[in-house]
Amino acid sequence: MSEPIPPSLPLDERTHVLVLSGAGVSAESGLPTFRDANGLWENHPVEEVASPEGFARDPERVWRFYSERRAAAANVRPNAGHEALAALERRLGDRFLLVTQNVDGLHQRAGSQRVIELHGSLVHSRCTVCDRPPFFDPEAHAGSLPRCDRCAARGRQALLRPHIVWFGEALDPTHFDRIDEFLIHGARHGQNLFLAVGTSGLVYPAAGLVLRARAFGASTWLVNAEPAENAAAFGRFVRGQSARILPALFR
Ligand code: OAD
């Protein structure tokens with residue numbers, strides 16, 4: 001059952017808040033969610049452009065897709081939901097951690113600092129060959145294939161790729177170590193509260209975080225425009241738009 005009037009989160013000086021955000025949080029900034037677009041881009045399933053196989057087949061098409069997404073994200077602004085999360089972090093400090101499936105960078109632009117970008121970042125690229133760390137690269141590369149300067153300096157041709165976790169690729173396991181440390185610390189020194197917002201609960205491992213948080217004693221809250229696939233795993237469900245609900249929830 002969802003709750004009609006947005007309640008306030010039960011927060012005190014011992015509460016540790018772990019947030020999982022998804023595409024719904026950026027919807028009111030004007031970025032379509034995955035399910036909004038029916039998982040299609042130019043009539044291709046997104047998996048065809050967001051996968052290592054898709055990149056091997058047609059890197060130009062993949063760069064065109066991500067260049068459009070870079071431009072779209074650069075043209076929108078964080079909304080009241082992103083801002084409420086940044087304000088909550090300023091209140092809680094190290095008792096706050098935000099895990100996002102979004103690659104649009106809007107949380108950071110709203111001021112969030114303790115952010116784990118589970119699926120990568122739209123404004124970073126990396127080399128497909130050398131081990132140079134991912135670097136800031138907000139450019140749209142439509143029409144040309146970007147290449148690695150470091151490899152070029154060594155006489156080697158190597159393509160750059162977006163620093164995004166594609167379908168079929170593994171997530172960085174150190175992210176889960178950091179999440180576990182946060183939950184262990186919260187359970188030891190206070191109590192955990194887990195809040196998922198704007199996510200369909202369809203894509204794992206992110207959709208399983210609610211169970212992980214419950215194993216560490218967290219109370220669990222879901223804020224979403226519709227019941228998420230994993231809604232039954234949550235203790236509380238507040239139905240609605242995150243830009244309206246989150247500021248009320250953190251009053
Ligand atoms: P989805 O597009 O699957 O789900 C967005 C959810 O947000 C839906 O359940 C909507 O009902 C809800 N929603 C829409 N507008 C909202 C609003 N204003 N306020 C609150 N909720 C709203 O997006 P994600 O769950 O983020 O993976 O998708 C997860 C992953 O699936 C993505 O990170 C992506 C995709 O495959 C990769 O790119 C690796």
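How far is an oxygen atom of the ligand from a polar backbone atom of F34? The distance is 3.0 Å in this predicted model, and the legends below start from that contact.

**Figure 1. Polar contacts of the ligand with F34, H119 and G198.** At F34, the partner of the ligand oxygen is a polar backbone atom, 3.0 Å away. At H119, the side chain takes part: one of its N or O atoms is 2.8 Å from an oxygen atom of the ligand. At G198, a polar backbone atom lies 3.3 Å from an oxygen atom of the ligand. On its own the ligand has 790 Å² of accessible area, of which the protein covers 92%.

**Figure 2. The shell of residues around the ligand.** The ligand is surrounded by 22 residues. E28, R35, H119, T199 and S200 are the closest of them. Sorted by class, the shell holds 12 polar residues, seven nonpolar residues and three charged residues. H119, listed among the closest residues, also supplies the side-chain atom at 2.8 Å from a ligand oxygen.

**Figure 3. The pocket that holds the ligand.** The ligand takes up the space of the largest pocket. Within the surrounding shell, 12 residues count as polar and three as charged.

**Figure 4. The protein chain as context for the close-ups.** The chain contains 11 strands and 10 helices. Along the principal axes, its C-alpha atoms fill a box of roughly 60 × 35 × 30 Å. The radius of gyration of the chain is 19 Å, which agrees with a compact globule, because a globule of 251 residues would have a value near 18 Å.

Conventions
Residues are numbered from 1 along each chain as its sequence is written. This is a predicted model: local features need pLDDT of at least 70, side-chain atom pairs count only at pLDDT 80 or more; totals for chains, interfaces and linings use all residues. Side-chain values use heavy atoms; hydrogens and water are left out. A residue is near a molecule or strand if one of its heavy atoms lies within 4 Å of it. A polar contact is a pair of N or O atoms within 3.5 Å; within protein, one must be able to donate a hydrogen and the other to accept it, and residues adjacent in sequence count only if both atoms are side-chain atoms. Accessible areas come from the Shrake-Rupley method with a 1.4 Å probe; for residues, only the protein chains shown count as cover. On a 1 Å grid over the protein atoms alone, a cavity is a set of points where a 1.4 Å probe fits but cannot get out, and a pocket is an open set with protein on both sides within 12 Å along at least five of seven lines; lining residues have an atom within 4 Å of a point. A molecule sits in a cavity or pocket if more than half of its atoms lie within 2 Å of its grid points. Ala, Val, Leu, Ile, Met, Phe, Trp, Tyr, Cys and Pro count as nonpolar, Asp, Glu, Lys and Arg as charged, and the others, Gly among them, as polar. Helices (H or I, at least four residues) and strands (E, at least two) are DSSP runs, numbered from the N terminus. The radius of gyration is taken over C-alpha atoms; the globule rule is 2.2 Å times the number of residues to the power 0.38.
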